[in-house]
Amino acid sequence: MEFAAFLECLTSASCIISQTAGGLKIGMLLFLVASGLTLVFGVLGVINFAHGALYMLGAYFSWQVMNVSGHFGLSVFLGALGVSIVGLLFERGLLNRVYNAELLIQILLCYSIVLILDDLVMIIWGDEFLSSIGVPEIFQVPPLFVLDAVIPPFHLAIIGISLLVALSLWLLMSKTRFGHLVRAAAVNPKMLEALGINTTVIRASVFVLGSFLAGLGGALASSIGSVVSGMGNSILVESFIVTVIGGMGSIGGAFLASIIIGMSRSFGAVAMPLFTDGIMFLIMVLVLILRPQGLMGDKK
């Protein structure tokens, strides 16, 4: 325990700013992945255990495009787009066949895909750590100093991109016809079918969107860390925690929970560096006890 260091941090403006920026970066990257997971669950009712593997594919696809083109923006976009195509093939070829199956069947199917994708990336790219794709040249500049706090400009860019995606997702789900149909499909798909709406297309579109978000998170993560097979396992666990804390199916809840987890990991690394994961799980346990439906989930 490093409570003295934590108290010292709380009395230092530079430490607070630095840790807050770091927590927002962690939280916003986590939101990109968790929002796709909670969106798929809210509409399809499927707990997609393969979501972390899609995140991993986003990192590998982005790394590959970067090595071919050398263009950062193109690598991130094509990495996420490639994952959305894989997600479409997965949903149309396999997942749609088990929508009405028992939960265990869905979990086994998704876990099988995880193992297959982990082995495939090792066959294609090898089992060694691949170096990150790096940051764009425009952000290869000296860091910003705010009250002596050191903030890399690229971290601010990641936060900004994630906030823009969050805003776009909110507008899509709350202000468009597609969003209204998605919410209706989550509540009463049979009524939509009776009205002549093709719910198959809606389900596929939601899964593609969720896959795109996972791939985007992985593509951005590949710019600040190494790429390796199995890298999606830890982010999957954290995404499920965010989904539980925020409320199953709630995009707003996922956003709030991601910030909470990001801050707990950032400041927890100062106060209890050996217990940062424990803090995250402790928050989840408290939410499950005090508000089982999540912070912004609907009470059943």
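**Helix 4 against helix 9**

I started with the residues that join these two helices in the predicted model. On the helix 4 side I listed V76, A80, L81, V83, S84, G87, L88, F90, E91 and R92. Their partners in helix 9 are T200, R203, A204, F207, V208, S211, F212, G215, L216, A219 and L220. Sorted by kind, the residues of this contact come out as 13 nonpolar, five polar and three charged.

Next I pulled the geometry. Helix 4 covers residues 72-93 and helix 9 covers residues 199-221. The packing angle is about 145°, and the axes sit 7 Å apart. I also checked the hand: helix 4 passes helix 9 in a right-handed crossing.

**Whole chain**

I counted elements and got 12 helices and two strands. Reading from the N terminus, the order is α-α-α-α-α-β-β-α-α-α-α-α-α-α, with the two strands coming right after helix 5.

Then overall dimensions. The C-alpha trace spans about 60 × 50 × 35 Å along its principal axes. I wanted to know how the radius of gyration sits against the rule for a compact globule. For 300 residues that rule gives a value near 19 Å, and the protein has 20 Å, so the two agree.

Contacts next: taking those with a separation of 6 or more, I found that 75% join residues 24 or more positions apart. On burial, 48% of the 300 residues are buried. The exposed surface adds up to about 14,400 Å², and carbon and sulfur atoms supply 69% of that.

**Two glutamates**

I picked E128 and E238 and asked of E128: buried or exposed? Its relative accessibility is 57%, and the exposed class begins over 50%, so E128 counts as exposed. I placed E128 in the loop that links helix 5 (103-125) to strand 1 (144-146). I also took a distance from there: E128 and L181 are 53 residues apart in sequence, and their C-alpha atoms are 44 Å apart in space.

E238 is in helix 10, residues 232-246. Relative accessibility here is 14%, and buried means under 20%, so E238 goes down as buried. Which residues does E238 touch, leaving out those up to four places away in sequence? I found L30, R265 and M280.

To close the page, I put the pair side by side: E128 is exposed at 57%, whereas E238 is buried at 14%. E128 belongs to a loop, and E238 to a helix.

Methods. Residues are numbered from 1 along each chain as its sequence is written. This is a predicted model: local features need pLDDT of at least 70, side-chain atom pairs count only at pLDDT 80 or more; totals for chains, interfaces and linings use all residues. Side-chain values use heavy atoms; hydrogens and water are left out. Axes are lines fitted to C-alpha atoms, for helices over the stretch in contact, and angles run from 0 to 180 degrees between N-to-C directions. Helices (H or I, at least four residues) and strands (E, at least two) are DSSP runs, numbered from the N terminus. A crossing is left-handed if the near helix is turned anticlockwise from the far one by less than a right angle, and right-handed if clockwise. Contact means heavy atoms within 4.5 Å. Ala, Val, Leu, Ile, Met, Phe, Trp, Tyr, Cys and Pro count as nonpolar, Asp, Glu, Lys and Arg as charged, and the others, Gly among them, as polar. The radius of gyration is taken over C-alpha atoms; the globule rule is 2.2 Å times the number of residues to the power 0.38. Buried means under 20% relative accessible area, exposed over 50%, partly exposed in between (1.4 Å probe, protein chains only). Accessible areas come from the Shrake-Rupley method with a 1.4 Å probe; for residues, only the protein chains shown count as cover.
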